Amino acid sequence: MFYITTAIDYTNGAPHIGHAYEKVLADVLARWHRMCGEDVYYLTGVDQHGQKVQQKAEAAGMEPKEYADMVMQKFIALWERLGIAYDGWAATSDPRHEACVGKILTALKEKGCLYKKAYKGFYSVRQEQFLTEKERGEDGNFGPEWGEVVELEEENWYFNLSQQIPWLKQYVTDHPEVVTPEFRRQNLLNAIERSEGVDLCISRPKSRLAWGIPLPFDEEYVTYVWFDALVNYISFAGYLKEEGSDLPEFEKLWPSVCEVIGKDILVPAHGIYWLCMLHAMGFEDKDIPRLLVHGWLNIKGEKMSKSLGNIVDPNDLCDAFGPEAVRYYLVRDTKTGYDSDYDPERLKMIYNTELANDLGNLCNRSLNMCLRYCGGTVAIGAEDDELSANLRNSMADTVKRFCQLMDEYNTADALAALNAHVGLCNGYIEQKQPWVLAKDETKLPELQRTLAHLLESCAQIGYLLGCVLPDASARILSQLNVDGSKLRPQTLAWGVLENGHTIQAPSPVFPRILSEEEKAKLAAKAAKKSQK
Ligand code: MSP
């Protein structure tokens with residue numbers, strides 16, 4: 001089983017390219033594991049509660065639920081457009097989730113992990129949390145990232161986080177696999193080291209914030225939004241579900257879980273709160289989830305933000321370049337775990353070089369030559385010469401490397417490996433010059449072997465690309481008459497196309513993305529033609 005989840009997105013604003021990156025990355029990994037024959041469950045969704053949604057709803061003259069559901073539709077529509085094939089949808093206002101959060105709170109209270117106390121301090125309205133002295137800047141003030149800061153005295157419910165910290169420290173030290181990449185685990189270990197024995201406030205008074213899950217044992221309060229949101233990974237996996245619920249069987253999904261999150265929510269939310277919450281609930285070490293932490297997509301080195309006005313809407317990119325170009329760019333140009341810069345010029349350049357020129361041309365030329373010179377039938381032809389053997393070996397090495405890199409979540413290098421083999425194939429065409437071989441009847445076996453090698457490469461590459469570009473992959477395989485559902489990456493070997501295999505006429509899968517200048521030139525040419 002491979003249970004993959006992402007962070008759930010706040011419904012106080014529209015989806016942006018950072019949200020899209022995470023969902024595409026998880027989708028690519030989910031599709032990869034499905035291709036490998038594993039049972040996969042992909043959960044994503046939205047985080048609907050909290051002060052920001054309540055405020056936005058008030059400003060829009062709507063009920064919080066109505067507002068959060070309206071924003072949720074924008075996420076759903078975008079994921080559909082981007083081909084995000086999730087199996088479960090987590091929306092935190094779902095009564096099944098609310099019931100689960102209630103049960104967990106009751107159980108923790110019965111175990112003595114929750115207590116009520118009064119606290120006076122500075123509170124950030126934007127971040128919905130009390131601030132400590134640590135959060136003050138050098139000038140003694142709280143920085144702009146905290147928004148409006150007010151002094152508050154409040155009674156609240158607390159989770160005894162500090163008691164869990166010794167266990168957490170030991171666990172994260174002993175289990176390198178808990179956080180990928182390794183340097184992010186080190187960040188977490190440093191944060192645990194610095195943690196000051198502070199417990200976690202898990203309630204908000206209803207008088208201040210009504211839009212949340214009520215505490216089952218104190219009607220004056222709702223649950224702190226992070227406590228509520230983190231539970232989604234188990235509530236929507238069927239943990240403590242009601243009789244007759246249509247949620248999955250928890251034992252089937254857990255603990256084979258990989259939680260894909262951004263670097264900003266590793267500390268303290270996932271790496272500290274979440275792991276400690278699970279431990280307090282009674283989850284054993286073997287049942288602690290793994291966290292795959294990705295970096296941020298920035299714009300020219302800067303954080304995307306409303307105030308800078310540099311937020312990129314993935315819908316605009318889908319309109320301009322098509323959803324698959326966006327998917328390819330996101331997982332090809334970002335090394336999992338590290339930050340990267342979103343740059344539309346690189347999107348166009350990478351798509352045009354690697355897909356339109358390299359792979360697109362390879363498929364078109366190979367299929368066309370097979371039709372023209374061999375009647376559309378693949379024949380094995382002559383024995384391998386050195387160049388052909390080299391190509392065959394490269395294909396085998398590429399498959400192996402691709403599998404290994406995908407298993408390590410390294411999508412960027414996995415795709416680079418495919419592209420390197422495509423480059424070799426294009427070089428092989430130039431060296432072999434099938435159009436010259438076709439002029440000499442005695443060279444037919446060599447011509448057949450050349451085209452068989454090229455088409456075999458197209459089939460294997462087209463198949464492997466399925467986890468990143470499901471539509472393009474299906475189109476390539478259909479032109480090659482290959483049924484991808486019969487293949488498996490681990491057993492992919494030379495001979496997908498047998499002697500006598502027939503192919504279809506090609507139709508371009510990766511039309512070039514044109515610059516405005518190129519478009520204008522083409523339009524002018526067309527206009528000239530129509531005048532003649
Ligand atoms: N609602 C919380 C997560 C709760 S999970 C139990 C949240 N929401 S968010 O909408 O702000 O972010 C959702 C995900 O998108 C997070 O993993 C976050 O790291 C990721 N990203 C937000 N901006 C991003 C970029 N600019 N780049 C890449 N991912 C980023 O946090």
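This report looks at charged patches, salt bridges and a few single residues in the structure above. The model is predicted.

## Charge on the surface

Two surface patches carry charge of opposite sign. The negative patch gathers Glu38, Asp39, Asp407 and Glu408. Take Asp39 as an example. Asp39 sits in a loop, with α1 (17-35) on one side and β3 (40-47) on the other. Its relative accessible area is 56%. Exposed means over 50%, so Asp39 is exposed.

The positive patch is made of lysines: Lys525, Lys528, Lys529 and Lys532 come together on the surface. Lys532 belongs to the segment that follows α19 (516-531). With a relative accessible area of 86%, Lys532 is exposed too.

## Salt bridges

How many salt bridges does the model have? The count comes to 33. The table shows three examples, with the distance between the closest N and O atoms.

| Acidic residue | Basic residue | Closest N and O atoms |
|---|---|---|
| Glu193 | Lys169 | 3.3 Å |
| Glu182 | Arg185 | 3.0 Å |
| Glu430 | Arg365 | 3.0 Å |

Start with Lys169 and Glu193, whose closest N and O atoms are 3.3 Å apart. This pair links distant parts of the chain, 24 residues apart. Lys169 is in helix α5 (residues 161-174), and Glu193 is in helix α6 (residues 182-194). Lys169 is partly exposed, at 34% relative accessible area. Glu193 is exposed, at 53%.

Helix α6 also holds a salt bridge of its own. Glu182 and Arg185 both lie in this helix, and 3 residues, about one turn of the helix, separate them. Are these two residues buried, partly exposed or exposed? Glu182 has 36% relative accessibility and counts as partly exposed. Arg185 has 8%. Buried means under 20%, so Arg185 is buried.

Now take the salt bridge between Glu430 and Arg365. Glu430 is in helix α15 (residues 411-432), whereas Arg365 is in helix α13 (residues 344-374). The two are 65 residues apart in sequence, so their salt bridge ties together separate parts of the chain. Glu430 is partly exposed, with 41% relative accessibility. Arg365 is partly exposed as well, with a relative accessible area of 28%.

Salt bridges can also share partners. Asp385, Lys432, Glu446 and Arg449 are joined in this way into one network.

## A buried threonine

Is Thr223 buried or exposed? Thr223 has a relative accessible area of 2%, so this residue is buried. Thr223 is part of strand β12 (residues 218-223). What does Thr223 touch, once neighbours within four places in sequence are set aside? Its contacts are Val101, Leu105, Ile202, Ile213, Pro214, Leu215 and Asp228.

## An exposed proline

Helix α5 contains Pro166. Pro166 is exposed, with 55% relative accessibility. Where does Phe75 stand in relation to Pro166? Along the chain, Pro166 and Phe75 are 91 residues apart. In space, 39 Å separates their C-alpha atoms.

## Putting it together

Helix α5 appears twice in this report: Pro166 lies in it, and so does Lys169, which pairs with Glu193 of helix α6. Thr223 is buried, whereas Asp39 is exposed. Glu182 and Arg185 pair within one helix, while Glu430 and Arg365 pair between two helices.

Terms used. Residues numbered from 1 in each chain as written. Predicted model: local features only at pLDDT ≥ 70, side-chain atom pairs only at ≥ 80, totals over all residues. Heavy atoms only, no water. Patch = residues over 30% accessible without salt bridge, like charges linked within 9 Å, V, L, I, M, F, W, Y side chains within 5 Å. Areas by Shrake-Rupley, 256 points an atom, 1.4 Å probe, with all protein chains shown as cover. Salt bridge = Lys/Arg side-chain N within 4 Å of Asp/Glu carboxyl O. Lys, Arg positive; Asp, Glu negative; His and termini not counted. Charge placed at Lys NZ, Arg CZ, Asp CG, Glu CD. Helix = DSSP H or I, 4+ residues; strand = E, 2+ residues; numbered from the N terminus. Buried < 20%, exposed > 50% of the residue type's maximum accessible area, 1.4 Å probe, protein only. Contact = heavy atoms within 4.5 Å.
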